[in-house]
Amino acid sequence: MKTSVAILSLFAASASAFSIDTIPGALPPVGLFDPLGFSAKADEPTLKRYREAELTHGRVAMLATVGFLVGEAVESKTFLFNGEVTGPAITHLAQVNPTFWLILGVGIARAELDRAKIGWVEPEDVPVAKPGLLRDEYIPGNLGFDPLGLKPTDPDEFFTMQTKELQNGRLAMLGAAGFLAQELVDGKGILEHLNA
């Protein structure tokens, strides 16, 4: 898997591209973990979309794993939902008031629309053969949301932070899948298993 593919520059001002073996998230000794060979078959825009999807799913999974644990820890002890939501976290969403779904749907739609405006080329400017084309200067996952000012200005530190986020997101995807599977198997909450 020594195929070099220019994917994007770390910063828009930087013209130096990096190979598929050194993109954020590729760690020695494995390099880029791609057992099905998707990256070998993909061009630069497709690789950027793959990375955007991985980051998005990783961020959602990080929120999900925290939500599982916090939701089970505070059930019936919070003013949210009048303490009516109980049981394993996998059953919580079905117990929520429908008004919550409206608010959640609007929030998600707004976030996705903003993300599309930041990262994607306008549909009328995209060739038919290249759907979902990301902007050339867009760094996958970089939506400009940094309220705590944690994004480093140094390219090496930024690369390290990107790798850490990807690794944590990958772990969270596995963790969330494990939480779902465990709660589906026996109907008990994750914290109930930990406290048993």
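**Figure 1. Helix α2 gives the most to the lining of the second largest pocket, chipping in six residues.** This is a close-up from a predicted model, as are the views that follow. The second largest pocket holds about 630 Å³ of space. Its lining is made of 21 residues, and Gly-67, Phe-68, Gly-71, His-92 and Leu-93 are the ones nearest the centre. Which elements put two or more residues into this lining? They are α2 and α3 (92-95). Sorted by class, the lining of the second largest pocket comes out as 14 nonpolar, six polar and one charged residue.

**Figure 2. The largest pocket has about 1,300 Å³ of space.** For anyone zooming in on the middle, Arg-59, Gly-141, Leu-143, Phe-145 and Glu-165 are the closest to the pocket centre, out of 40 lining residues. Three helices each give two or more residues to the lining of the largest pocket: α2 (44-73), α4 (98-119) and α5 (155-186). Which of the elements gives the most? That's α4, with nine residues. By class, the lining of the largest pocket splits into 25 nonpolar, six polar and nine charged residues.

**Figure 3. The largest cavity holds about 40 Å³ of space.** Rolling a probe the size of a water molecule over the atoms shows where empty space is left. In this model, the search turns up two cavities of 30 Å³ or more. The lining of the largest cavity consists of Glu-54, Leu-55, Gly-58, Arg-59, Met-62, Glu-165, Leu-166, Gly-169, Arg-170 and Met-173. Helices α2 and α5 each supply at least two of these lining residues. As for chemistry, the lining of the largest cavity has four nonpolar, two polar and four charged residues.

**Figure 4. Arg-59 and Glu-165 join their side chains in a salt bridge, 2.5 Å from N to O.** This pair ties together distant parts of the chain, with Arg-59 in helix α2 and Glu-165 in helix α5, 106 residues apart. Are the partners buried or exposed, or something in between? Arg-59 has a relative accessibility of 29%, so it counts as partly exposed. Glu-165 is at 25%, and therefore counts as partly exposed too. Both residues turn up in the earlier views: Arg-59 and Glu-165 are among the residues closest to the centre of the largest pocket, and they are also part of the lining of the largest cavity.

**Figure 5. Arg-115 and Glu-52 form a salt bridge, 2.8 Å from N to O.** Here again distant parts of the chain are linked: Arg-115 sits in helix α4 and Glu-52 in helix α2, 63 residues apart. Arg-115 and Glu-52 are both buried. Helix α4 may ring a bell, as it gives nine residues to the lining of the largest pocket.

**Figure 6. Arg-51 and Glu-54 meet in a salt bridge within helix α2.** The N to O distance is 3.2 Å. The two residues are three apart along helix α2, or about one turn. Why does Arg-51 count as buried? Its relative accessible area is 10%, and buried means under 20%. Glu-54, at 21%, counts as partly exposed, because that value falls outside the buried range of under 20%. Side chains of opposite charge can pair when their charged atoms come close. The whole structure has seven salt bridges. Some of them share partners, and this joins Arg-51, Glu-54 and Arg-170 into one network. Of the residues in this network, Glu-54 and Arg-170 also help line the largest cavity.

**Figure 7. Phe-100 and Trp-101 pair up, ring to ring.** How many aromatic pairs does the model contain? The count comes to three. Phe-100 and Trp-101 make one that is edge-to-face, with 5.9 Å centre to centre and 70° between the planes. That angle is over 60 degrees, which means the pair counts as edge-to-face. Phe-100, at 27% relative accessibility, is partly exposed. Trp-101 is partly exposed as well, at 37%.

**Figure 8. Lys-151 lies over the face of the Phe-158 ring.** The distance from Lys-151 to the ring centre of Phe-158 is 5.0 Å.

Definitions and conventions:
Residues numbered from 1 in each chain as written. Predicted model: local features only at pLDDT ≥ 70, side-chain atom pairs only at ≥ 80, totals over all residues. Heavy atoms only, no water. Phe/Tyr/Trp six-rings, centres within 6.5 Å; stacked < 30°, edge-to-face > 60°. Buried < 20%, exposed > 50% of the residue type's maximum accessible area, 1.4 Å probe, protein only. Lys NZ or Arg CZ within 6 Å of the ring centre and 35° of its normal. 1 Å grid on protein atoms, 1.4 Å probe; cavity = no way out; pocket = protein on both sides within 12 Å on 5 of 7 lines; lining within 4 Å. Points joined across faces, edges and corners; volume = space filled by probe spheres on them. Helix = DSSP H or I, 4+ residues; strand = E, 2+ residues; numbered from the N terminus. Nonpolar A, V, L, I, M, F, W, Y, C, P; charged D, E, K, R; others polar. Salt bridge = Lys/Arg side-chain N within 4 Å of Asp/Glu carboxyl O.
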